[in-house]
Amino acid sequence: MTAVSVDTMQVPGGVTPTTQLRLSSGNGPVSRTVLKTALRDALPSEIPLIDVSGIFSASDDDRMNVARQIRDAATNNGFFYIKNHGIPPGIPEAACERLLEFFRQPAEIKERAHISKSKYFNGYKPPKSQRINPFESVDVRETFSWTYDPRYDPSVPDPAAIPPHIARYLRCEEFYWEATANLPHFKEAIIRYWRSCLALARALVRSFALSLDLPEDFFAEKFTHPDAALALNYYPPLPVSAQQVSGGQGDAEVSIGSHTDFQLFTILWQDSNGGLQVLNRQGQWINAKPIPGTFVVNIADYMQRITNDRYVSTVHRAQNYSGKERISMPFFFGFNLNESCGVLDSCVAEGEERKYSEISCEEWVQRRARAMHREGESSGK
């Protein structure tokens, strides 16, 4: 786990040393050049705040206005805040409170929901069990995860009637709810949060379609039973003495290592303690500070792929130096795992070539997961 010095980079005001950041990807190991500069807060031009109330409007102009702002953000750093999203603040706040109750329990009680009981990596992941970037430290976090379950999707009237070619990709389990039954409001709060994010994601997909010069319902058949998962993270505080002011990799601990997300986009609620960091287009780590009443949305790899790199899946990480417990609740959204999508025609200009072949969502997710584990083994981490 070594920070490899490379050349310097000419930036306004002088020359800045750089390091290389190594990452897993679906196309093999990749690297990013990172400026060794002090962390700073993101500018509004880097991570804009978008009022998305227009996505619920009957006005074509209102919906197109939001789509244009999403396109601008997606082609810049691939991160943006959203406000007026329709989710009452009490929903994520209640989920956060229930998560703190869960994570503050003795280890032996949390272990009842351990992922070893799951076929699909659902459930509880204890400390020192995750390393999302095989070239960085073990993640200093605990996680409670679960994947799409049509029994809790209000748009699915009869889960038993789901066609077999879709049902075979669903990963429904019950043990983690049984294991958390000692917390009477836990399941209710988590499912309510998930349902709220699911409804918002389905509305945002229509806006993404508009942003790509497509009909609003262009993707509708691809997310009837989406890859819609939660990874509910608990980050204990990192030692302040370990805080790094420079970018790149080294021996510093990470709450969650540098990575990009797999599918279309992520909707993130974070508490007020902060710690999310984004690698901007210039190679600087910048803070995506919490803004009350907002969610953070970021583009993921499959979206970058089908847009022929028009939309940017940006590297991010978290380091919790707040001195307090931190909760983050990312909701990952993608097409049904049985679906596939090639590069969109609207994203290929005259004379350009498609950079990527069509690949199913299931194969893409599996490829990303295999690459992450394979590179971890080969690096000896």
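This section describes the packing of helices H1 and H2 against helix H6 and the internal cavities of a predicted model. Local features were taken at pLDDT of at least 70 and side-chain atom pairs only at pLDDT 80 or more, whereas totals for chains, interfaces and linings use all residues. Residues are numbered from 1 along each chain as its sequence is written, and side-chain values use heavy atoms, without hydrogens and water.

Helices are DSSP runs (H or I, at least four residues), numbered from the N terminus. Helix H2 (residues 90-103) and helix H6 (residues 186-211) have axes that come within 9 Å and cross at roughly 140°; axes are lines fitted to C-alpha atoms over the stretch in contact, with angles from 0 to 180 degrees between N-to-C directions. H2 is therefore oblique to H6 (under 35 degrees is roughly parallel, over 145 roughly antiparallel, 65 to 115 roughly perpendicular and the rest oblique). The contact (heavy atoms within 4.5 Å) involves Ile91, Pro92, Ala94, Ala95, Arg98, Leu99 and Phe102 of H2, and Phe186, Ala189, Ile190, Arg192, Tyr193 and Ser196 of H6.

Helix H1 (residues 60-74) packs on H6 at an angle of about 75°, the axes being 8 Å apart. H1 is thus roughly perpendicular to H6. Arg63, Met64, Val66, Ala67, Ile70 and Arg71 of H1 meet Leu204, Ser207, Phe208, Leu210 and Ser211 of H6.

Three cavities of 30 Å³ or more were counted. A cavity is a set of points, on a 1 Å grid over the protein atoms alone, where a 1.4 Å probe fits but cannot get out; points are joined across faces, edges and corners, and the volume is the space filled by probe spheres set on them. The largest cavity holds about 90 Å³. Its lining (residues with an atom within 4 Å of a point) comprises 13 residues, with Tyr148, Tyr169, Leu170, Pro226 and Leu337 nearest the centre.

Key: 1 Å grid on protein atoms, 1.4 Å probe; cavity = no way out; pocket = protein on both sides within 12 Å on 5 of 7 lines; lining within 4 Å. Helix = DSSP H or I, 4+ residues; strand = E, 2+ residues; numbered from the N terminus.
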